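Colleague: I should like to learn how to read a structural model feature by feature. May we begin with the covalent links and then turn to the packing?

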Amino acid sequence: MTRGRDGGQKKHLVPSLCLIVLFLGFLVLYYGSFFGPRGQHANSALEYGSRISRTIGWSNVDNGEVGKSEESIFGQEDGEDGLIPKSFPVCDDRHSELIPCLDRNLIYQTRLKLDLSLMEHYERHCPQPERRYNCLIPPPAGYKVPIKWPKSRDEVWQVNIPHTHLAHEKSDQNWMVVKGDKIVFPGGGTHFHYGADKYIAHLANMLNFTNNNLNNEGKIRTVLDVGCGVASFGGYLLSSDIIAMSLAPNDVHQNQIQFALERGIPAYLGVLGTKRLPYPSRSFEFAHCSRCRIDWLQRDGILLLELDRLLRPGGYFAYSSPEAYAQDEEDLKIWKEMSALVERMCWKIAAKKNQTVIWVKPLTNDCFLNREPGTRPPLCRSDNDPDAVWGVPMEACITPYSEQNQRDRGSGLAPWPSRLTTPPPRLADFGISTDMFEKDMEIWRQRVENYWSLLNAKIRPNTLRNLMDMKANMGSFAAALKDEPVWVMNVVPEDGPNLLKIIYDRGLIGTVHDWCEAFSTYPRTFDLLHAWTVFSDIEKKGCSVEDLLIEMDRILRPTGFIIVRDRKPVVEYIKKHLTALHWESVAIVDAEPNSDSEDGESIFVVQKKLWLIDESAKDVA
C-alpha cells in the first residue's frame, strides 16, 4: 500500500515538475538571461511597461494595435492605478546601450524570420508594447560628462563607450587609438589611412573645385556617407561648411555610430537593406562610399537606385573600392557590370584616379527618355511617391526628376549659406508662400532667442553640441541656431506633411520618425531635445506618453536639457514625473505673455541629472 501511494505521488509529481521546467524555460527564452545582474529589474520593467501601455492608451496589448484614448490623460488626478509613478525601475546594466528597435536580442527571442543576405536583421524591428523595457537606462560605471566640441572631434572618454575592439581591429587604418583614459581619433579610415582631410581635398581636386574645397563655392552642402565607420569623413567635412549624414548599421563594427555621436558628429543608425532610407528624394548633393562592403549589383542594382533617388540633379557619387582599380578577374568583372549599370542609369564618370571613381547624375530627364525601349532599370511608375519613406520598400527603378527640376536644369537651390534663408522651389508642393516661409523663420528666431535666455544661467558657449528638434516643421528652429557651434537632427512626423525635403533644401539634415516608437540611436546621444506639441500629438494617436518620456530620457545625455513647448495641462503632467525620471525643473513660463487660457502653450525647460548606480559623477568642463 505504501509503495502504491508513493507511486501515485510520483505520477502527479512528474507532470508538475515538467510544467515547472517548461515554464522556467519559457521565462528564460522570453526575457533573456534570468539570472544576470539585477535581472529582477529587467523583469519588473517589462511588467511595468505592459501595465503602462494599457493605462496610457494602448487599447489592445495582445496584438500591439494602437487605439486612441477616449479621454485625455492630461489634467487627470493621480488615481489608484498608479498613473503617476513615484519612481521608474532601473534597467539591468546589460542594457546600458539598448536601442529598442535595433535590438538583436529581440530578434532572437521572437524568432523573426529575416533574410540575413538582405540585411533585414539590421533594419528596425520594434518590440510590442508588452515587451518594452520601460525602465531608466543607467550610464556605464564611471561615466563622465562628454568632452566638449571641437575637442571632442578628436578624443572622447573611454569610460563613456568602453569598447576598444575597433581600435585593435583597425589599428593599421588610424580609425581610433586608445591613449590612457581616452580614445583618440587620428582622422583615418579604411581607405584614407593618412587622414580624412587629405582625402577630402583629393576628391575636390579630382573634380577641379576651387582651392580643393569640396563645398564647391557653396554648391555642395548635404552629403550622405554610407558605411561611415566612426564618421571621420563627416567630421572633417564640417570645417568646409558641409554637413554629412553619416550612416552605418549596428553590425559587426558595433558602436561605430555611438563613437561618431560621442564625438559630436552627425550620424544615424541605418542600413541599405530592403526599406528606403528615411530621407526624401533629392536630399543630397554628394554620396560617398569608401570600402563600405556593399554589393551594389544585387537585386538589379536596387541599392544603387536608392542612392540615385536620394541624389539631386547633378549630384555626385564618390566610390573608393578595389573594384575601381584592382586588376584581378573578380574585381574586373564587378567593375564591368557596375559600369554598365550606371551607364543605363545615365550616370557619367566625372573623374577617376588611382583608387577612386566619381560619377555624376544628369541634370534633366532627357537621357532617361532617350533610352531604348525596355532598358533596365525602368523609370519608376508615376504613382510611386519618391518622398514616401517610412517603412516603404525600395524599388529597382529610376526616380525621374520633377517638372521644376527639368525646367531649371537642376535643383534650383541657392548656394550655402544663402540657401538656409532662401525659399526653396519645393515649397510650392505644400502651397507655402514666400511670406509664410519668412514669417516662420522670424517666429522661430524669436522663440529660440527666448529659449536661450531661459537656458543662459545653465549653459556656456560649448555646453551644447548634439541637438534634436522632435517636430521640426520647416527647420526654422535649427536655422535660428546657425551661428551656434551645434548641429540639429530635424525630425519630421511620419504621418504629417513631408516637410523634411524643405529642411534638406535649406541645407539642414534630419529624418522621418514615429514617436510611438523608439528612435534609431544609442542612449546618451543628444545634449538638448526640443519638443513642440509632440506630447499633444502622441496622445491623439493613442500612444503612451510615459513611454515617450522614458525614450527621451534614454537618448538624452546626463546633464542634458529638454525644452517642452506644449499645452499647460501637458506641462503639468510632465512636472509630476520629474522625480521618477531624475529630472529637475530649470524654468517654466507662458509661451505667450498674459495668456490665461488653459489651452495656451507653456515653455518648460528641464535638465536631466547625472546619476550613477555605484559611483559619483565627475564633471569636466
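Colleague: Is the link of Cys-346 and Cys-367 left-handed or right-handed?

Modeller: The model is a predicted one. The sign of the torsion about the S-S bond is what one reads here: for Cys-346 and Cys-367 that torsion is -85°, and the link is left-handed. The sulfur atoms of this disulfide are 2.1 Å apart. Cys-346 sits in the loop between α9 and β9, while Cys-367 belongs to helix α10, 21 residues away, and the pair thus links distant parts of the chain.

Colleague: Which of these two cysteines is buried, and which is partly exposed?

Modeller: A residue counts as buried under 20% relative accessible area and as exposed over 50%. Cys-346, at 6%, is therefore buried. Cys-367 has a relative accessible area of 33%, so it is partly exposed.

Colleague: How many disulfides are there, and what is their pairing in sequence order?

Modeller: There are six disulfides. With the bonded cysteines numbered in sequence order, the pattern reads 1-4, 2-3, 5-6, 7-8, 9-10, 11-12.

Colleague: What is the handedness of the disulfide between Cys-91 and Cys-135?

Modeller: The torsion about its S-S bond is about 95°, so this disulfide is right-handed. Cys-91 lies in the loop between α2 and α3 and Cys-135 in the loop between α3 and β1, so the bond ties together parts 44 residues apart in sequence. Both of these cysteines are buried. Cys-101 and Cys-126 form another disulfide, with their sulfur atoms 2.1 Å apart. Its torsion is about 115°, so it too is right-handed. Within this pair, Cys-101 is buried at 2% relative accessibility, whereas Cys-126 is partly exposed at 26%.

Colleague: Turning to packing, which residues touch the most other members of the largest nonpolar core?

Modeller: In soluble globular proteins, nonpolar side chains tend to be buried together. Here the largest nonpolar core has 124 residues, and Trp-296, Phe-317 and Phe-535 touch the most other members. Beyond its neighbours within four places in sequence, Trp-296 is in contact with residues including Leu-272, Cys-289, Phe-317, Tyr-319 and Met-338. A second, separate core holds 23 residues, among them Phe-192, Phe-209, Tyr-236 and Ala-318. Over the whole protein of 621 residues, 58% count as buried.

Colleague: Why is strand β7 described as largely enclosed?

Modeller: One counts the buried residues along the element. In β7, residues 284–290, seven of the seven are buried, so the strand is largely enclosed by the rest of the structure.

Colleague: Which strands pair with β7, and in what sense?

Modeller: Strand β4 pairs with β7 in the parallel sense over four bridges, and Leu-224 has Ala-287 of β7 as its bridge partner. Strand β8 also pairs with β7 in the parallel sense, over six bridges; there Cys-289 stands opposite Tyr-319. Together with helix α8, the strands β7 and β8 make a right-handed β-α-β unit.

Colleague: How many residues of helix α17 are buried, and what covers them?

Modeller: The count is six of eight, and helix α17 is thus mostly covered. The buried residues include Val-570, Val-571, Tyr-573 and Ile-574. Among the elements that cover the buried residues of α17 are α15, α16, β15 and β17.

Terms used: Residues are numbered from 1 along each chain as its sequence is written. This is a predicted model: local features need pLDDT of at least 70, side-chain atom pairs count only at pLDDT 80 or more; totals for chains, interfaces and linings use all residues. Side-chain values use heavy atoms; hydrogens and water are left out. Buried means under 20% relative accessible area, exposed over 50%, partly exposed in between (1.4 Å probe, protein chains only). A nonpolar core is a set of buried Ala, Val, Leu, Ile, Met, Phe, Trp, Tyr and Cys residues joined through side-chain atoms within 4.5 Å. Contact means heavy atoms within 4.5 Å. Helices (H or I, at least four residues) and strands (E, at least two) are DSSP runs, numbered from the N terminus. Two strands pair if DSSP finds at least two bridges between them. A crossover is right-handed if, with the strands pointing away from the viewer, the path from the first strand over the helix to the second runs clockwise. A disulfide is a pair of cysteine sulfur atoms within 2.5 Å.
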